[in-house]
Amino acid sequence: MSKLRLLFVKEGTAAYISHLDLLRTVQRAFPRTELEIKHSQGFHPHPIISIVLPLPVAQSSDCELLDFEVTQDTDGSGIAEKLNEGLAGVAAAAMGRRTDVYGALTDGAAEGLRVLDCYEAKRPVRELAYLRADMELEYDHGVPEGAAEALMDLFHRPELLIEKRTKRKQLAEVDIAPMIRSIAFAEEKNLLRAAVTVRAQNPGLNPQLLEKAIARYRPDLSPDFVRVRRRELLDEAGEIFR
């Protein structure tokens with residue numbers, strides 16, 4: 001029996017499906033691997049598959065991780081290629097089969113998934129500490145003058161309170177300042193690019209929530225649209241987590 005970990009890209013149509021639909025899509029590709037996925041015990045057995053750090057809907061990523069267990073002994077060699085073949089098959093089978101919007105998004109999600117690697121899951125998830133992401137802050141009428149410098153000052157404040165939903169779905173004020181490890185801005189035409197590193201868990205910060213801090217403290221600099229893409233997962237020392 002082996003515990004394996006997938007490293008995969010999630011982008012395009014796949015960015016807009018839910019966590020559960022992502023799991024269903026990947027499960028449909030697994031038969032190509034000829035692996036026997038370990039299932040839970042009980043009256044309703046289900047595959048033991050989990051996303052290490054679920055990605056918020058509408059965000060893309062270069063570094064998603066998925067853990068699963070198989071009954072065979074394997075180091076994961078060749079599995080990535082077989083899964084990509086399976087995902088291509090899922091995408092091809094979906095063409096023309098579903099006409100409703102929800103079905104099209106779910107079945108077409110495989111087009112935005114690409115497995116980069118499969119290997120033994122040796123590091124425990126608790127060692128995952130930070131995530132690095134790129135953000136694009138778009139301004140329809142051009143970037144306000146001095147916005148980059150003003151936002152750098154904002155995100156270096158000792159306290160940044162925003163409203164955030166708790167696990168019980170209640171709104172609470174949270175100080176996100178301690179969750180920001182680094183941030184840097186670069187200005188382009190009509191947008192600011194931000195490279196951010198934030199806490200990944202215990203507690204974690206969704207980079208998209210930085211927009212809430214801007215709206216609260218500097219509403220004059222609020223962007224018209226924000227796009228987020230995860231670039232890397234890091235451990236406590238700032239080294240790549242795999």
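**Entry 1: a hairpin**

I count two strands as paired if DSSP finds at least two bridges between them. With that settled I opened the model, which is a predicted one, and went to β6 and β7. Strand β6 covers residues 161-165 and strand β7 covers residues 171-175. The two run antiparallel to each other, and I get five bridges between them, against the two that pairing asks for. Which residue of β7 does Leu 161 face? I find Asp 175 standing opposite Leu 161.

Next I looked at how the chain gets from β6 to β7. The two strands make a hairpin, with five residues in between. I checked the backbone of the turn and noted Lys 169, where phi is positive, at about 70°.

**Entry 2: salt bridges**

I ran the search over the whole structure and it came back with 20 salt bridges. I didn't go through the full list; here is what I wrote down.

I started with Asp 67 and Arg 5, whose side chains meet in a salt bridge at 2.6 Å, N to O. This pair ties together distant parts of the chain: Arg 5 is in strand β1 (residues 2-10) and Asp 67 in strand β3 (residues 60-70), with 62 residues separating them. Buried or exposed, these two? I have both Asp 67 and Arg 5 down as buried.

Then I turned to Arg 123. One partner is Glu 127, and the closest N and O atoms of that salt bridge are 2.8 Å apart. I put Glu 127 down as partly exposed because its relative accessibility is 33%. Arg 123 also goes down as partly exposed, because it comes out at 26%.

Arg 123 has a salt bridge to Asp 235 as well, at 3.1 Å from N to O. This is another link between distant parts of the chain: Asp 235 belongs to strand β10 (residues 225-235), Arg 123 to the loop between β4 (113-120) and β5 (128-138), and 112 residues lie from one to the other. How accessible is Asp 235? I read 9% relative accessibility, so Asp 235 counts as buried.

I also noted a network in which salt bridges share partners. Its members are Glu 11, Asp 62, Arg 114, Asp 134, Arg 229 and Arg 231.

**Entry 3: cysteines**

How many disulfides does the whole structure have? My search found zero. I looked at Cys 63 anyway: it takes part in no disulfide, and the nearest cysteine sulfur, in Cys 118, is 17 Å away. Cys 63 is buried, because its relative accessibility is 0%.

I repeated the check from the other side. Why does Cys 118 have no bond to Cys 63? Cys 63 holds the closest cysteine sulfur to that of Cys 118, and 17 Å is too far for a bond; the cut-off I use is 2.5 Å. Cys 118 counts as buried too, because its relative accessible area is 5%.

**Entry 4: the largest pocket**

I moved on to empty space. The largest pocket holds about 840 Å³. I listed 30 lining residues, and those nearest the pocket centre are Pro 56, Lys 164, Arg 165, Gly 204 and Asn 206. The elements giving two or more residues to this lining are β6 and β7, the strands of the hairpin in my first entry.

I sorted the pocket lining by class and got 15 nonpolar, nine polar and six charged residues.

**Entry 5: closed cavities**

How many cavities of 30 Å³ or more are there? I count two.

The largest cavity has a volume of about 50 Å³. Around it I find Leu 6, Phe 8, Leu 22, Val 26, Leu 87, Leu 113 and Val 115. At least two lining residues come from each of β1, α1 (19-29) and β4. By class, I get seven nonpolar residues, no polar and no charged.

The second largest cavity has about 30 Å³ of space. Its lining is Met 135, Leu 137, Phe 155, Ile 183, Phe 185, Ala 194, Leu 210 and Ile 214. Here β5, β8 (180-188) and α5 (210-217) each contribute at least two residues. What classes do these lining residues fall into? I find eight nonpolar, no polar and no charged.

Methods
Residues numbered from 1 in each chain as written. Predicted model: local features only at pLDDT ≥ 70, side-chain atom pairs only at ≥ 80, totals over all residues. Heavy atoms only, no water. Helix = DSSP H or I, 4+ residues; strand = E, 2+ residues; numbered from the N terminus. Salt bridge = Lys/Arg side-chain N within 4 Å of Asp/Glu carboxyl O. Buried < 20%, exposed > 50% of the residue type's maximum accessible area, 1.4 Å probe, protein only. 1 Å grid on protein atoms, 1.4 Å probe; cavity = no way out; pocket = protein on both sides within 12 Å on 5 of 7 lines; lining within 4 Å. Points joined across faces, edges and corners; volume = space filled by probe spheres on them. Nonpolar A, V, L, I, M, F, W, Y, C, P; charged D, E, K, R; others polar.
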